[in-house]
Amino acid sequence: MHSVKEKASNAASAAKEHVDIFKAKTEEKAEKAEARTKEEKDIAEERRKAKEAEAKMELHESKAGHAGEKLEGKHAHHHMGHAIGGLHGSAPYTAIPDTATNPLGGHHHGHPKTF
């Protein structure tokens with residue numbers, strides 16, 4: 001599930017992409033209106049396509065950045081609990097091997113192991 005901050009950032013980036021594409025199309029129309037040859041019109045079209053591709057690339061880069069920021073925030077929060085007293089859940093973490101509390105070894109999940 002996306003965080004609200006990430007969704008808002010993605011929406012802002014998408015809006016910027018739409019504005020950039022609109023500007024590219026407007027500039028293409030102006031260049032085509034001034035163009036005198038077919039080659040000049042083709043160049044104007046290619047410029048528009050390049051600008052649209054750049055806008056889409058920037059959108060994907062910013063979305064990846066937003067997802068990265070979200071992950072960095074989760075990792076910082078996750079490790080912070082271990083750095084301050086080494087808490088694991090609500091009880092302090094102790095380094096007792098599982099075999100001391102569960103002679104069969106491994107994690108005991110509340111159900112008996114049957115062999």
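Here are a few notes on salt bridges and one buried asparagine in this predicted model.

1. Start with the overall tally: the structure holds eleven salt bridges. The points below pick out some of them, then turn to an asparagine.

2. Within helix H1, look at lysine 16 and aspartate 20, whose side chains pair up in a salt bridge at 2.9 Å, N to O. The two sit four residues apart in that helix, so about one helical turn separates them. Lysine 16 is partly exposed, at 45% relative accessible area.

3. Next, glutamate 28 and arginine 48 form a salt bridge, with their closest N and O atoms 2.5 Å apart. Glutamate 28 belongs to helix H1 and arginine 48 to helix H2 (residues 38-83), so this pair ties together parts 20 residues apart in sequence. Both ends are buried: glutamate 28 has a relative accessible area of 9%, and arginine 48 comes in at 14%.

4. Helix H2 has its own pair, glutamate 45 and lysine 49, four residues apart or about one turn of the helix. Their side chains meet in a salt bridge of 3.6 Å, N to O. Glutamate 45 is partly exposed at 24%, and lysine 49 is partly exposed too, at 39%.

5. It's worth viewing points 3 and 4 together. Glu28, Arg48, Glu45 and Lys49 are among the members of a salt-bridge network that also includes Lys32 and Glu52.

6. Finally, asparagine 10 lies in helix H1, which spans residues 4-34. This residue is buried, with 15% relative accessible area. Leaving aside residues up to four places away in sequence, asparagine 10 touches Leu59, Lys63 and His66.

Conventions
Residues numbered from 1 in each chain as written. Predicted model: local features only at pLDDT ≥ 70, side-chain atom pairs only at ≥ 80, totals over all residues. Heavy atoms only, no water. Buried < 20%, exposed > 50% of the residue type's maximum accessible area, 1.4 Å probe, protein only. Contact = heavy atoms within 4.5 Å. Salt bridge = Lys/Arg side-chain N within 4 Å of Asp/Glu carboxyl O.
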